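Please read this note with the structure open beside it. The points are numbered so that each can be checked in turn.

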Amino acid sequence: MSTSTNNDSPRTASSQASRQTRTGRFPHLRRDFAASLVVFLVALPLCVGVAVASGAPAELGLLTGIVGGLVTGMMRGSSLQVSGPAAGLTVLVSEALKQFGLPMLGALVLATGLLQILMGALRIGRYFRAISVSVVEGMLAGIGLVLIAGQLYPALATKAPGPGLAKLTGLPGAFVATLDNRSGLVSLTLCAGTVAVLVLWKRVPARIRVVPGPLVAVGLATSAAFALNLPVATVEVTGLLEAVQPPPLSAFGAFTGVSVLGTVLAFTLIASAESLFSAAAVDRLHDGPRTQYDRELIAQGAGNTVCGLLGALPMTAVIVRSAANVQAGARTKASRVLHGVWLLLFAALLPDALALIPVPALAGVLLHAGAKLVPVRSLAGLWGEQRGEALILVATAVSIVAVSMFEGVLIGLALSVAKAAWEASHVRLEVVDTGTGTTEARLSGNATFLRLPKILDALESLPQDRRVRLDLSGLHHLDHACRLALHHWAEHHGTAGAQPVRLTPPPARGTRQPTAAA
């Protein structure tokens, strides 16, 4: 008995040591494994839906999700952020496919990835945080509105008439035509049911909500369509390997065109901004390591470079999947890498399952996603606090709907810069006039050409028959135009025989104004 005990002890100790080694090397593996399954179930319908909504093969959406997990997921930057095809790029990808065709998509995405890597290497990633939040929210709102308008057509079993405003103006006619079309009514009902499940899913008990709402909604719609043999369109399947289309060399010759370069810049700006803003939002959800923005931009660029070489959709970080990853208990980047493995296994082993998914169900998922991109509540609050920012948000969204994605974002950025310049040129003029003696006028703030008309109007209203003292020592900034105009006014103000204006100059550059002692 004693011999047996002595022989078993080394084995037991060795087993415990082995388990401790595994636990020490991967202390969060169990949590990350469980979180990866949740993220996979969230990502699966979204990857397929974004691809179909963009007008690309469904497999390309899965391929981008796989690259987002296996390539971007392995790199440093934001440890818990999950990347893949995003609803925010659907409109831009759809426009690019219509204008340039599917063979050109890989070249566009490849160029986007290389540009993101370059920006990350030049440490530009941190500066994306300087973009006005109103512009970003307006961009997402515009994308959401166009996405909603675009997805109502497959919900009605009809084709969209064209981009932008044509989609909005064509909706009434499409709804009227559906009333006499049985397949259109069935398709609309299935889409509405999908949206209803997504809206009501947050009201079910928490233990049931472990299964993601999009998966439940699409699963129920697929089961209903199959069981009842409903006359609705389903996803077309070509196979993962067949969908891979590396960009031909001839595609790169088109980069001399302005429209191609504009599309690459739009891809880069929107994908980078959405990824880095998503990273900031994810950082607020957990207490782990903070995002390294330049490295995250390089990671996004590496993923898009691989996607471009495979002819897949562009990727960006997706807040829905990232939030699901954090809430499911993920601790390291292993969860997002494993979610890419599950997507790869699904695409390789169960590709025919995609052919059972009804297109109206995917339209419902994207309608719900598009509605969440429109910040109705924050817009109402913003209107009460900062109407200028609210107007920038609305103008950006309307410009995207009315013109195009790229031009709309540029308009929003221009309005944001103009507003910042206007506010930065805030200047205050204080006048003390006792009716007799010297009139004291004091300028403080930032005097720029933007405020020059207001400044001169106020100064020219000062009495011309008495001595005037103009104090500029309170100015933080005085630009060249204002300096010349004020000196000119000082030389010519006053009637003949009146004493000249006395000027107190602003502080010299590099000197600090005295402050009150603490």
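**Notes on the sheet, the salt bridges, a pocket and some loops**

1. Begin with D471, which stands opposite T504 in β6. The strands involved, β5 and β6, run parallel and are joined by three bridges. Keep in mind throughout that this is a predicted model.

2. The wider setting is an open sheet of four strands, in the order β3-β4-β5-β6, with mixed pairing. β3 (427–432) and β6 (502–504) each have a single partner strand and stand at the edges, so one side of each has no neighbour in the sheet. From one strand to the next the twist averages 15°. As background, side chains in a regular strand alternate between the two faces of the sheet.

3. At the β3 end of the sheet, β3 and β4 run antiparallel, and six bridges join them. V427 stands opposite G445 in β4. The hairpin of these two strands has six residues between them, and in this hairpin G435 takes a positive phi near 95°.

4. How many salt bridges are there? The count comes to four. Three of the pairs are described in the next points, and two of these link β4 with β5.

5. E440 and R469 form a salt bridge in which the closest N and O atoms are 3.0 Å apart. E440 belongs to strand β4 (residues 439–447) and R469 to strand β5 (residues 468–478), so the pair ties together parts that are 29 residues apart in sequence. Are these two residues buried or partly exposed? E440 has 29% relative accessibility and counts as partly exposed. R469 is partly exposed as well, with a relative accessible area of 22%.

6. D471 returns here as the partner of R442 in a salt bridge, with 3.6 Å between the closest N and O atoms. This pair also links distant parts of the chain, since D471 is in strand β5 and R442 is in strand β4, 29 residues apart. D471 counts as buried because its relative accessibility is 10%, and the cut-off for buried is under 20%. R442, in contrast, is partly exposed, with a relative accessible area of 32%.

7. Another salt bridge joins helices. The side chains of E389 and K419 meet at 2.9 Å, N to O. E389 is in helix α18 (residues 387–402) and K419 is in helix α19 (residues 405–424), so the pair ties together parts that are 30 residues apart in sequence. Both ends count as buried: E389 has 14% relative accessibility, and K419 has 17%.

8. Now turn to empty space. Such space is found by rolling a probe the size of a water molecule over the atoms. The second largest pocket holds about 950 Å³. It is lined by 38 residues, and the closest to its centre are V52, A53, G55, P154 and V359.

9. Which elements give two or more residues to this lining? They are α2 (29–54), α4 (90–100), α6 (133–155), α9 (182–200) and α16 (359–373). The largest share, six residues, comes from α6. By class, the lining of the second largest pocket has 22 nonpolar, 12 polar and four charged residues.

10. Two loop residues deserve a look at their backbone. A157 is not a glycine, yet its phi is positive, at about 60°. A157 sits in the loop between α6 and α7 (165–169), and with 42% relative accessibility it counts as partly exposed. N229, also not a glycine, has a positive phi of about 55°. The loop that holds N229 runs between α10 (213–228) and α11 (240–243). N229 counts as exposed because its relative accessibility is 66%, and the cut-off for exposed is over 50%.

11. A last loop residue is A353, found between α15 (334–349) and α16. A353 is partly exposed, with a relative accessible area of 30%. Its C-alpha atom is separated by 9.1 Å from that of V237, although the two residues are 116 residues apart along the chain.

Note on methods
Residues are numbered from 1 along each chain as its sequence is written. This is a predicted model: local features need pLDDT of at least 70, side-chain atom pairs count only at pLDDT 80 or more; totals for chains, interfaces and linings use all residues. Side-chain values use heavy atoms; hydrogens and water are left out. On a 1 Å grid over the protein atoms alone, a cavity is a set of points where a 1.4 Å probe fits but cannot get out, and a pocket is an open set with protein on both sides within 12 Å along at least five of seven lines; lining residues have an atom within 4 Å of a point. Grid points are joined across faces, edges and corners, and a volume is the space filled by probe spheres set on the points. Ala, Val, Leu, Ile, Met, Phe, Trp, Tyr, Cys and Pro count as nonpolar, Asp, Glu, Lys and Arg as charged, and the others, Gly among them, as polar. Buried means under 20% relative accessible area, exposed over 50%, partly exposed in between (1.4 Å probe, protein chains only). Two strands pair if DSSP finds at least two bridges between them. Axes are lines fitted to C-alpha atoms, for helices over the stretch in contact, and angles run from 0 to 180 degrees between N-to-C directions.
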